[in-house]
Amino acid sequence: MQYDLVVIGAGPGGYVAAIRAAQLKMKVALIDKRKELGGTCLNVGCIPSKALLQATEEFHRIQTQAAELGILVKESGMDFDKMMQRKEKVVGALVNGVAGLVKKNGVEVIEGEAELVSSTEVKVGDQIIEAKSIILANGSESIELPMLPFDEERVVSSTGALSLKKLPEKLCVIGAGVIGVELASVYARLGSKVTVIELLDQICTPLDLAAAKQLQKSLEKLDVTFHLKTKLTKGEVKDKVHLTAEGVTEEADVVLVAVGRKPNSRGLDSKVELGKRGDVIVDGAFQTSLPNVYAIGDLIDGPMLAHRASEEAVVLVESLAGHRSKIDYMTIPNVIYTHPEVATVGLSEEEAKASNIDPLIGTFHLRANARARTSLAGDGFVKVVGDKKTGRLLGVHIVAPHASEMIGEAVLGIKKRVTVEEIANLPHAHPTLSESLKEAALNALGRTIHS
């Protein structure tokens, strides 16, 4: 059977591409090796991790802040099994939702391992599927350390860490990136003793330095121990997992290896050009070295974010349909779902300076925000980065509860090329956390009211 478009991979890039193409009257097939649609993000990544983050945040607040709020809790505890069951229930409901959307839009779903045969052919089992265009949206997978191969029980990837059978007394995390710090916070709140070993000199590189330091302080309040600028040299699995790093020895029940993810490009090297990281090389229109074959999301160079893949999917499909569509990567936000959350968009202060921009910097600390005070959420800040010459807003960095929701205003501001002064002059409801963005802009202009 011939299609206008075949999409390989049903993650946030793939299924969005398939739905948008169907909306544009294309005949579409969506191929995935999993029965459950949604890819890594929905099944074993973004969604299950957020379910655990939310549950453990609520638990931690009850334990540490209820009394200060005047709430008397006679007894509190965590049912680990029930928390995991709820996570699976949330994932299941959303997987069914994606399946319903795909079916509603008339996309044909084919389950199986897809093999790219040519610029117009894909093989699934014994079936050859023909298409005018093919989109590769294979996603990514966790990077494994040779000295600590995954068994998903004692040495785990993020997948295993989201499905542990029991709470580890001691958890060691290798890598202080987004996945590492999010899951470190989950298990620290539950009572595990958590240690993080990181090769670089700051967590969550390339996060704005001030935001990274504030996030580390927040995690240290959960008794998470960090060993920065520390290289792991040896790992052995015995009765426990024994780790040796530069000047550090650790013994853990479970080790989470979170040193990054790599493009899932196995089998593609003989078909399309790959980069050094195994990423698929594409041009400015997402086309690979093979005509009619395109790639998006984690499979190509760039930040591995679900919403980035979805945006690329829409832009690519609309372009294939003859529409004028483009993506502005400077408006792609990044979020770390710890507590407080960290949300960023645009340039950091360090990136602005590296680009020979004289930065206009403004910062407002949450301890001076009324809503933060009433919510016992004074740890954090909002920082704006502008261009001192033009006044244009270039970046916003938020460390605050609900930063993931607050960052939307900043995304729109950068998209519309607003100035820092325009943000400063924009009315914000009182009392809200979002007032902190206005105050940070005022601070940049030397007009701070509340600090």
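**Secondary structure.** I counted the elements of this predicted model and obtained 13 helices and 22 strands.

**Overall dimensions.** I next looked up the extent of the protein. Along the principal axes, the C-alpha atoms occupy a box of roughly 65 × 60 × 45 Å. I compared the radius of gyration with the value for a compact globule: 451 residues would give one near 22 Å, and the protein has 23 Å, so the two agree.

**Burial and surface.** I noted that 51% of the 451 residues are buried. The exposed area comes to about 21500 Å², of which carbon and sulfur atoms supply 50%.

**Contacts along the chain.** I took the contacts between residues at least 6 apart in sequence and found that 62% of them join residues at least 24 apart.

**Largest nonpolar core.** I then turned to the interior. The largest nonpolar core holds 51 residues, and the members that touch the most others are Val 6, Val 28, Leu 116, Ile 135 and Leu 136. Elements supplying at least two residues each include β1 (2-8), α1 (14-23), β6 (127-136) and α8 (306-320). The largest share, seven residues, is from α1.

**Val 6.** I listed the contacts of Val 6, setting aside neighbours within four places in sequence: Ala 29, Ile 31, Val 122, Ile 129, Glu 130, Ala 131, Ser 133, Ile 134 and Ile 135.

**Another core.** Apart from the largest core I recorded another, of 39 residues, with Val 156, Val 181, Tyr 187 and Leu 207 among them.

**Charges.** Finally, I checked the charge distribution. The protein carries 53 positive and 58 negative charges, and their mean positions are 3 Å apart.

How values were computed. Residues are numbered from 1 along each chain as its sequence is written. This is a predicted model: local features need pLDDT of at least 70, side-chain atom pairs count only at pLDDT 80 or more; totals for chains, interfaces and linings use all residues. Side-chain values use heavy atoms; hydrogens and water are left out. A nonpolar core is a set of buried Ala, Val, Leu, Ile, Met, Phe, Trp, Tyr and Cys residues joined through side-chain atoms within 4.5 Å. Buried means under 20% relative accessible area, exposed over 50%, partly exposed in between (1.4 Å probe, protein chains only). Helices (H or I, at least four residues) and strands (E, at least two) are DSSP runs, numbered from the N terminus. Contact means heavy atoms within 4.5 Å. The radius of gyration is taken over C-alpha atoms; the globule rule is 2.2 Å times the number of residues to the power 0.38. Accessible areas come from the Shrake-Rupley method with a 1.4 Å probe; for residues, only the protein chains shown count as cover. Lys and Arg count as positive and Asp and Glu as negative; His and the chain ends are not counted. The place of a charge is taken as NZ of Lys, CZ of Arg, CG of Asp or CD of Glu.
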